[in-house]
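Me: Could you walk me through how to read a few features of a model like this one? I would like the general idea, then the case at hand.

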Amino acid sequence: MKPNGNGKAKESLIRKVVIRDEDGHLVEVKNLTLYADLLTAMHQNGIKALQTNVVQLPLPDNGQLAVVKAVLKTGIGVFTGLGDASPQSVEAELVPHLIRVAETRAKARALRDALGVGVVAVEELTDGASLEALTKSEAAKESPQQSAPADPSKEFVPMTDKQRQMLFRQLAKKGIEGEAAKQHLLTAFGVNDLRKVSRKAASDYIDKLMKENGQGQGNGSHAEASHA
Amino acid sequence: MPDYLSVSQITLYLNCSLHYYFRYIEEREPERHFAALAFGKAIHSALASFHESLKDGKPLPVEEFQRLFRADWAAETTEPLYYANSDTPESLLELGQTLLAEYAQVCRFEVVEAEHRFEVPLCDPDTGEVLCDKPLVGIYDLVTPEGIVEFKTAKSVPDAGQLARHLQLSAYAYAFSFKERRMPTLMFVHLLKLKKPRVEMTAVVRENKHLQFFTRCALAVARGIEANIFAPNPGWGCANCEYARVCGEWP
Ligand code: SF4
């Protein structure tokens with residue numbers, strides 16, 4: 001990593017990328033970079049050699065985990081990167097190509113370090129979510145941080161910390177606490193992770209709980225606004 | 001790069017500028033979340049509600065205060081946390097409730113504001129000359145008619161020497177005196193995470209020389225950030241650093 005690198009050039013390598021779940025619903029918008037962009041930037045900066053070697057073949061007794069090491073030689077030094085891939089960390093159609101995926105991930109890692117780019121490359125992601133790279137202007141429309149007041153009914157914007165706290169506080173008022181409260185919320189929102197709860201859904205549920213607790217309505221959206 | 005300076009940015013930069021770089025310049029996702037930080041957050045949010053209730057003249061009963069903390073702690077622990085030593089979610093839950101009950105007993109503060117955000121320009125305290133184009137922002141835990149009260153969860157109270165140079169308190173004194181044109185009284189409340197948990201209050205005095213020192217520190221930090229100067233500072237802070245892995249691979 002090279003923190004003292006050119007900030008503007010680095011910025012141009014970072015894209016907003018939409019992450020969707022298996023059903024195609026927008027889960028979040030992340031700052032990511034692309035392997036192709038990294039490679040182009042590195043070629044412009046001068047690249048002496050980019051070699052890879054397989055550290056581990058994907059076999060049944062290692063859980064089909066392929067590991068590849070990349071060594072990147074540049075004018076400013078040598079950078080290495082390790083990349084891995086297994087059937088759990090790639091999409092189904094890539095399972096026959098685990099070594100290739102691990103190699104791309106290793107090279108992306110080395111390139112990022114050489115260019116001082118801190119955000120991960122799309123190709124390094126291991127969550128199996130389907131990705132759709134956006135241009136910066138398209139991303140601006142989608143990103144909750146950059147867009148002018150987003151319409152929460154149309155896009156996924158995760159609930160705030162304050163909303164999460166209010167949900168637990170309202171449930172505590174009803175005598176539902178700790179793990180029981182967490183399970184209650186997972187069931188109520190139909191998710192397996194509270195990070196998948198949208199701001200709008202949280203706001204509506206806070207309102208509902210507040211009503212049930214005899215505290216009137218409207219504070220759910222207040223919590224949303226004050227901590228957005 | 002943030003377009004403001006905060007007290008936590010300044011202290012983080014001075015402790016380890018590379019840590020600062022990962023958090024504020026790269027905005028990296030933390031590699032792990034520390035239970036101690038989450039615990040402090042839950043304690044502070046429960047305290048804020050307690051202080052609000054005092055301000056409204058309807059003090060929360062201890063049981064309600066503790067219930068708020070239990071809810072806030074549950075909200076914090078929905079994500080996996082890294083627990084130091086022999087801490088567990090249950091032991092911290094117990095500890096938090098005990099500390100807050102103790103605090104409710106000894107608290108005599110008259111509350112003007114709880115969790116109050118401030119924003120002031122960074123000026124020379126004597127001449128008023130603006131030293132930096134970024135404002136200084138922060139959040140006072142508690143504002144009383146006399147000044148500022150700052151809460152910490154810790155294992156011990158800093159010694160006199162550490163208190164004398166404590167930058168956060170100097171920053172608060174600077175911001176308060178900038179707005180109010182008078183030096184605040186400053187109080188540290190330590191919620192001590194001991195076998196026998198207890199609350200300790202320590203009054204701290206600040207004079208003009210402390211404000212001068214603080215503004216020089218803040219200015220040095222602003223210049224360091226502007227000049228892209230970031231370097232690791234391996235030491236005690238590394239044990240609680242959420243970027244230890246990437247730091248190990250730096251540069
Ligand atoms: S591990 Fe230590 S030296 Fe490295 S960034 Fe963190 S605090 Fe700084």
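Reply: Happy to! Helices (H or I, at least four residues) and strands (E, at least two) are DSSP runs, numbered from the N terminus. In chain A, A:Q88 sits in the loop that links β5 (77–85) and α3 (98–115). This is a predicted model, where local features need pLDDT of at least 70, side-chain atom pairs count only at pLDDT 80 or more, and totals for chains, interfaces and linings use all residues. Residues are numbered from 1 along each chain as its sequence is written, chains are lettered from A and ligands numbered from 1 in the order in which they are written, and side-chain values use heavy atoms, with hydrogens and water left out.

Me: Is A:Q88 buried or exposed?

Reply: Buried means under 20% relative accessible area, exposed over 50%, and partly exposed in between (1.4 Å probe, protein chains only). A:Q88 counts as exposed because its relative accessibility is 64%. Its C-alpha is 9.1 Å from that of A:L65, and the two are 23 residues apart in sequence.

Me: And where is A:L59 in chain A?

Reply: A:L59 belongs to the loop between β3 (47–56) and β4 (66–74). With a relative accessible area of 40%, A:L59 is partly exposed.

Me: What is chain B built from?

Reply: Chain B has nine helices and six strands. Of its 251 residues, 49% count as buried. Contact means heavy atoms within 4.5 Å. Among the contacts in chain B with a separation of 6 or more, 75% come from residues 24 or more positions apart.

Me: How many residues does each chain bring to the contact between chain B and chain A?

Reply: Chain B gives 26 residues and chain A gives 22. The size of an interface is often given as the accessible area lost when the parts come together. Buried area is that loss (1.4 Å probe), summed over both parts. Between chain B and chain A about 2000 Å² is buried, with carbon and sulfur atoms giving 46% of this.

Me: How many salt bridges are counted between chain B and chain A?

Reply: A salt bridge is a side-chain nitrogen of Lys or Arg within 4 Å of a carboxyl oxygen of Asp or Glu. The count between the two chains is four. One of the salt bridges joins A:D161 and B:K41, whose closest N and O atoms are 3.4 Å apart. On the side of chain B that touches chain A, α2 (17–25), α3 (35–55), α4 (62–76) and α9 (244–248) each supply at least two residues. The largest share, eight residues, comes from α4(B).

Definitions and conventions:
Buried area = accessible area lost by both parts, 1.4 Å probe.
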